[in-house]
Structure formats: structure tokens, C-alpha cells
Amino acid sequence: MHLTQKQKSFVSPEETIRLLQELVRIPSINGQEEAIGQYLHQYFQNLGWESTLYEVEPHRPAVVALLNGTHPGKTLMFTTHYDTHVVDNMEIPPFSPEIRDSYLYGRGSCDAKGPIAAMVMGAMVLSRMEKPFSGTLMLAFVPDEEYLNKGTTWLMEHGITADMAVVGEPTKMAVGFGHRGCTHLDIITKGKAYHSAYPERGVNAIEKMAMVITHLRSGFFPSYEKKTHPFLGHPVINLGLVTGGTRIHTVADSCVASYLRRDLPGETTEQILGEIQEYLDTLKELDPQLQAEVKLSTIQQRIRLPYFLGPDHPLVLAMSDSYLSIMGKEAEKSVMNYYCDASILCSEYGIPTIIFGPGDIHVAHSSLEYIKIQDLCDAAYIYADFALSLLGGNGGNL
């Protein structure tokens, strides 16, 4: 069952654009999501939809709206986040959604208020149809995806769940079916503090760390390229932060190098840390004074698992079919290079989940964030077609 031209006319492109403009005008930098949550809650209530605000943390709500069909059936969740990256050093006014050369500019236009607007308008098509559908279409929009994924985690922990889900991220309209996990880890070197007039009497932990970093990069991390996944490739690791010492006139007695590792399905935290520690221990043969250990970073409050559904899963095929129906061409199916809430839904809670949305991840968080208007409006119809294909009829189709 696919969307007809008449059903597409139930929502105009102008309506989708206006909603995104309203969302961009509401600042919702991570930690400041209350206003946009309240706006969407009121928006859904004005439509007569069943809407609930959930307080994830004080002044940080998640909003969940339900469109219930006329027959029993499964629950399909459309979900993404409304917190955005910071606006420091943006080249454009972050909260003034200017339209220029077929693009709409502003913070969050791509990540992820564009997908929110398209998902809402996709749901709007179903709500305006005379033909009944089965089950429930759930819209779940959350805070704090950009930092610790608290919003989606809270919903799952409190039993607000679904049978299947779409995470709206800027995929450039590709159907996403996997991504690597994330492990934040700290490598710590210990030294001996001493007066800087006599550095030879101390042990400089920063200098020890310099040796460790160099050897890891040349002697250990290349081994990650031997671990391969047919779609996700090999693990990658990035050194993002180095901190050490207490003051300039004292030999540093400690140093921390913080890494972010992107992991493959099947890898465990114990394995990842154990392999690194084993290599660090071998470096003591080069420097008997070396004291180095690896630990999970204190910022990693939870393990962020890899997510993989596969290119031939029924949800991937259904979204690809909806894309073909609306766009008249084959959809690209792809894994994503970034982590998102699909991992929580699918890997942790067993909800089959795909990633799909308008926008380009390469301009998310950038000083010049934008979204292509045509993709935004097309996505609304693709979401609607997808929901209709899964929930249409007396019992749904999946």
C-alpha cells in the first residue's frame, strides 16, 4: 500500500517548511530543551493528538505523541532529538531560518529539526486520511542525544517502547542499517613530582605519555585494520584530549590521554581495554620507569554498543520501497559513520530500527548548518508512505 497523489496533497511543502522554521527559531542547545518540548507538546495538543511530556531531567522534557489507528496492531515509532550543538562561531544567525538558493539555514535545520518536521508532517498525512490504519504511530522527540543520550534511554527505561522504529538523522536520504559503537577510554601515565630546577630527580608523566602515544599510533592501532566487518569496516580510534601536570614549575606526576574508539559488533569492553593494557605492559621493556594503564573514561556513563540490522531486513526493504514509490528511483542503503540512538533502541532493547532522514551529517554542528528544502519535503511523504505500508489495512503489513 503506497501513498496516492491525493494523499500527498493532504500536506503541502509549504506547511513542512513553516514547521521547520518555527522549530529553528526556538533555541534548544543541549541542556536548554524545555521551550521546544513545550512547543511540540502544545502543537500536538492543538491538533487533537494524544501528547505527553516526560521530564527526563528538570526542564529537559521528552514529548511523545500517539496517533492510534482504528484496528489493533503494532506500534511504529518515529523518533529523533531536538537538542542541538552549540552556536559559537556560526557564520549565520543560528535562530533565524533564512531560505536561500533552495536551502534553509539555521542551527538544528539539519540535525535534527529537519527530520522532526518531516516526521511530524508524515504523521499529519496519516491523520488527515479518511482511510483507517491499524496500530499506533508514535512520535517521540527527546533531549540530550548530542551528549549522553539521556532522552531515549529514559523512555526505554520507563517502558515507552514500540515494535519497530525509525531514527530521524541526517542520512542524505539513505536508508541506514548500522553503525559502530563508541568507547571512551583514558590512558593514564604516572610519574614523580619534583621541583622544575631538578627535573632529572622526578619522573615526568607527560613525557612518558608522549612515548606511549607515539608507540600506540605506530605499533598497536594499525592492528585494528585487521579486524573487519563486511559493512562497518574496521575499528577507528581518535585521540581527542591530553591533560597533565599541575603547574609549569613542577615535574608532572600524572597525565591522561582521552581516546574515542568506534567499535564493531562482537567486540566487548573487556576485550578492548585488555588488548590495550597488554600492549602498554610490553612498553615497560623499553622503559622500566613507565607506569601506564587504560580505563573507561569517567564521562562514559554507559556502554554505547554497535548497531547492525543488515541491508536485507524487512524494515530496510520497506523504507527502500517507500523511497522508490515517492522518488521514482532506488534508495541508497548504507551504514552510518556516526553513533545515534538506534543503538539504544535496537542493540540494547531489541527494537528493529532503521535510520533515515533529510540533511547531510557533514554540515551538522558546522558554522553554516543547512538543509536542502526538496529533501525535507520529500522526506515527509516518504515517512508517510512508510508508515502507511506498515500500519495500513486491518492488521498492518509487517
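Q: Is histidine 41 buried or exposed?
A: Keep in mind that this is a predicted model. Histidine 41 sits in helix H3, residues 34-46, and touches Ser51, Thr52, Leu53 and Val63, leaving aside residues up to four places away in sequence. The relative accessible area of histidine 41 is 12%, and the cut-off for buried is under 20%. So histidine 41 is buried.

Q: How far apart are the end C-alpha atoms of helix H2, and what span should its 13 residues have?
A: Helix H2 runs over residues 13-25, and we reckon with 1.5 Å a residue. The expected span takes 1.5 Å times one less than the number of residues. That's why the expected span is 18 Å, which agrees with the end-to-end separation in the model, 19 Å.

Q: Which elements do the buried residues of H2 pack against?
A: Let's start with who is buried: Glu15, Thr16, Ile17, Leu19, Leu20, Gln21, Leu23 and Val24 in H2. Some of these turn up again as neighbours of alanine 117, which touches Thr16, Leu19, Leu20 and Leu23, among others. Alanine 117 is found in helix H4. The full set of partners for the buried residues of H2 is H3, strand E4 (99-100), strand E5 (103-105), H4 (113-127), strand E16 (370-372) and H10.

Q: What is the relative accessibility of alanine 117?
A: Alanine 117 has contacts with Thr16, Leu19, Leu20, Leu23 and Leu376, not counting residues up to four places away in sequence. Alanine 117 counts as buried because its relative accessibility is 0%.

Q: What separates the C-alpha atoms of alanine 117 and alanine 210?
A: Along the chain, alanine 117 and alanine 210 are 93 residues apart. In space, their C-alpha atoms are separated by 48 Å.

Q: Which two residues does a cis peptide bond join?
A: Most peptide bonds are trans, so a cis one is worth a look. Here omega is about 0 degrees. One partner, alanine 112, is in the loop between E5 and H4. The bond joins aspartate 111 and alanine 112.

Q: What is phi of aspartate 144?
A: Most residues other than glycine have a negative phi. Aspartate 144 lies in the loop between strand E6 (134-142) and helix H5 (150-157), and is buried, with a relative accessible area of 1%. Its phi is positive, near 55 degrees.

Q: Where is methionine 173, with its phi near 70 degrees?
A: That phi is a positive value in a residue other than glycine. Methionine 173 counts as buried because its relative accessibility is 3%. Its place is in the loop between strand E7 (164-167) and strand E8 (175-179).

Q: How many of the eight residues of H5 are buried?
A: The buried ones are Gly151, Thr152, Thr153, Trp154, Leu155 and Met156. What covers them includes strand E1 (50-57), strand E2 (60-68), strand E3 (71-81), E6 and helix H9 (342-348). H5 is mostly covered, and the count of buried residues is six.

Q: How are H8 and H10 oriented to each other?
A: Two packed helices are described by the angle between their axes and the distance between the axes. For H8 (residues 314-327) and H10 (residues 373-391), the axes are 9 Å apart and the angle is about 130 degrees. That angle is neither over 145 degrees nor within 65 to 115 degrees. H8 and H10 are therefore oblique to each other.

Definitions and conventions. Residues numbered from 1 in each chain as written. Predicted model: local features only at pLDDT ≥ 70, side-chain atom pairs only at ≥ 80, totals over all residues. Heavy atoms only, no water. Axes fitted to C-alpha atoms, helices over the stretch in contact; angles between N-to-C directions. Helix = DSSP H or I, 4+ residues; strand = E, 2+ residues; numbered from the N terminus. Parallel < 35°, antiparallel > 145°, perpendicular 65-115°, else oblique. Buried < 20%, exposed > 50% of the residue type's maximum accessible area, 1.4 Å probe, protein only. Contact = heavy atoms within 4.5 Å.
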